[in-house]
Amino acid sequence: MPPAENTTNTNNYYKAIFDNSLSAIFFTIPNGTILDINKAASNIFGYTTDEFKKIGRFGLFELADPNFVSFLQTRDLHGAAKGEAIGIRKNGERFPCEMSAVVFKDENGEPRTCVNLIDITERRATEKEIFTRQQLLNAVVNNTNDGLAVVDKNGHFLIFNQAMIDLLGVEPVDSKTYDWSKRFNIYQQDGDTLLPTDNLPIVRALHGEFIKDEIYLIKNPKKGNVYLSISTSPIKDEKGEIIGALVVDREVTDQFLYQENLKIVNDKLLASNERFNYVVKATHDAIWDMDLKTYHIQWGEGYEKVFGYKLGQLEGDYAEWKNKIHPDDVERVVNSIQFSITNKSSYIWEEEYRYAKADGTMAYVYDRGYIIHDKNNVPLRMVGAMQDLTARKNYEIERTQLIDDLIQQNKNLEQFTYIISHNLRSPVANIMGCAEMLKDVELDADDREIAVRGLSRSITKLDDVITDLHTILQSKNELNEKKETVKLYEVFSDVKSSLNTIVTQAGATIKTTFGVTDIRSIKSFIYSIFLNLISNSIKYRRENEPLVIEISSTQNGNKLILKFRDNGLGIDLAAKGGDLFGLYKRFHSHVEGKGLGLFMVKTQIETMKGKITVKSKPGEGTEFEIELPGE
């Protein structure tokens, strides 16, 4: 290729990169004079090229900003720098930006600077939101009366709130040997024996066991003997592997001593068979007394106050009570109470369940009863009490939801961190390398063309990653869109029209069965889900098998169930299921794609408080099931 033609092509490549970059690009003299800018710079700052040249860098940045001062010093010292600064738009608005610069010499040997800048306002907003949610989590953790602690799999405490310190009387300590019994003075209920290491609830949780409300004695150096109800659960990652454990401690000293005293009192009062004396063995809310021969129930006045039913209008039989239990709980509750009655060694029955109130709402209740036997150990009566736990349960649900949201936000932040640290690093490194090559005045034409092509490819890759990040952030911003009534068939028709060409080329047949036609939701999300899942089915079809896609919608309680089923290539879930919804994960290399579609689908569904599951086998097709909450 003649030198002149080569130079023309190089200039064309430069102009294409310069004009079409989403990042602002400046060519300057190191003293701050601006020689040229691209369109992105004008869009970001709002100035024309002539205005940029007139004001130089002195009107574009907060010059006293320590970060900006350090950036210039590094650039002047090393010939290159990267960092952050505060930009100033033409309208006076300040905004955070990320920038890099490299010093080179022009054809006359004069020093020049190439500056690359991006607006990171959206990133800062995301970081601020995550910080706010972290503060909310800290508020929940540090303002509860329950002791809360989270430990990783190696025995290092990640969370240990003030309530836990007060309950135990000592600060936390890391221990790879789990020697916590001695550190925290955890004893069995007899108060004489330290709890063996293997029996510690937190150690058992780290081995996969769930523990609920086990009672232990703590010899608190500040408060004396304290009885704690301890609950623990393992914490697992997306692969199901245990990565830590959660511990919740609640002081039950008064309740425990009360129950112990009740046992003593019960032994003395059993012979008298007086109803009032047995009632004190249960919680004093909605008191009840059931005859185990006739199954007639007599309710105390608290039942009317708690649940709103008029005592004079009650039949007072077992069936009436059972019919008010939530359908999902009734079998479990009935089986447990019958087991306790027929098991002659059992004296106490207790359960938590949902119970209908007179106004039609469901209350979470804790129900506890004491079984009275005759001298032949035959059950005669059962007296007990129901306590309304609705307020506490709702608080626990809200707290759990908040923690789940924060965990999801942290996972999303990890995804962004991975993209920024990995996917952005490679093209930026290539750009810097190519730029360094182009600084070599002795570089021949062929090598210079190779460097320019490499530079172009790297900038294109960088642009793709930034576009993907923008798409992901935009999907989160769209949550603020107003919910509306979305007609599923209309969404399907719009998607099918936009995909009409590839549907026809693939010879695909799409069957729809919309048992539910409308949903209150975010229309753009529903459209995106249809578009991505139908597109995936078409992409990953089998060569010699006519493609059939089946889409259906049904109602399950107050939830909408959407199913997308095809007879395509399928996926080996045993080998690849853990990465199925990961960012930039692909499973069939012969089909073009970036691995963004399923990540976006899952992100949008979870943003709407829904969930998605998949069934698939290689060669047998794939089925996605989406569950979305109703209003």
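In this predicted model, residue N377 is partly exposed, with a relative accessible area of 25%. The place of N377 is in the loop that runs between strand 15 (362-373) and strand 16 (379-388), and its phi angle is near 65 degrees, which is a positive value in a residue other than glycine. When residues up to four places away in sequence are left out of account, N377 touches K344 and Y347. With K344, the separation between C-alpha atoms is 6.7 Å, although the two residues stand 33 residues apart along the chain.

Strand 15, which precedes this loop, also contains Y370. Y370 has a relative accessible area of 6% and is therefore classed as buried, since that class takes in values under 20%. Its C-alpha atom lies 4.8 Å from that of I348, a residue 22 positions away in sequence.

A positive phi value is found again at K609, where the angle is near 65 degrees and the residue is likewise other than glycine. K609 belongs to the loop between helix 21 and strand 22 (611-617).

For the protein chain as a whole, 21 helices and 23 strands were assigned. The chain has 631 residues, of which 42% count as buried. Among the contacts between residues at least 6 apart in sequence, 53% join residues that are at least 24 apart.

The packing of helices was examined next. Two packed helices are described by the angle between their axes and by the distance between those axes. Helix 19 (residues 523-539) and helix 21 (residues 597-607) pack with their axes 9 Å apart and at an angle of about 150 degrees. Angles over 145 degrees count as roughly antiparallel, and helix 19 and helix 21 are therefore placed in that class relative to each other. Their crossing is left-handed. On the side of helix 19, the residues that meet the partner are F525, S528, I529, N532, L533 and N536, while helix 21 contributes G597, L598, V601, Q604, I605 and T607. Sorted by class, the contact of helix 19 with helix 21 comprises six nonpolar and six polar residues, with no charged residues.

Helix 19 also packs with helix 17 (residues 488-498), at an angle of about 50 degrees and with the axes 9 Å apart. Helix 17 and helix 19 are therefore oblique to each other, and helix 17 passes helix 19 in a right-handed crossing. The contact involves L488, V491, F492, D494, V495 and S498 from helix 17, together with K523, I526, Y527, F530, L531 and I534 from helix 19. The residues of this contact divide into nine nonpolar, one polar and two charged.

Cysteine residues were considered last. A disulfide is a covalent bond between the sulfur atoms of two cysteines, and the structure holds zero disulfides. Two cysteines may serve to illustrate the accessibility classes: C97 is buried, with a relative accessible area of 0%, whereas C114, at 21% relative accessibility, counts as partly exposed.

Definitions and conventions. Residues are numbered from 1 along each chain as its sequence is written. This is a predicted model: local features need pLDDT of at least 70, side-chain atom pairs count only at pLDDT 80 or more; totals for chains, interfaces and linings use all residues. Side-chain values use heavy atoms; hydrogens and water are left out. A disulfide is a pair of cysteine sulfur atoms within 2.5 Å. Buried means under 20% relative accessible area, exposed over 50%, partly exposed in between (1.4 Å probe, protein chains only). Axes are lines fitted to C-alpha atoms, for helices over the stretch in contact, and angles run from 0 to 180 degrees between N-to-C directions. Helices (H or I, at least four residues) and strands (E, at least two) are DSSP runs, numbered from the N terminus. Angles under 35 degrees count as roughly parallel, over 145 as roughly antiparallel, 65 to 115 as roughly perpendicular and the rest as oblique. A crossing is left-handed if the near helix is turned anticlockwise from the far one by less than a right angle, and right-handed if clockwise. Contact means heavy atoms within 4.5 Å. Ala, Val, Leu, Ile, Met, Phe, Trp, Tyr, Cys and Pro count as nonpolar, Asp, Glu, Lys and Arg as charged, and the others, Gly among them, as polar.
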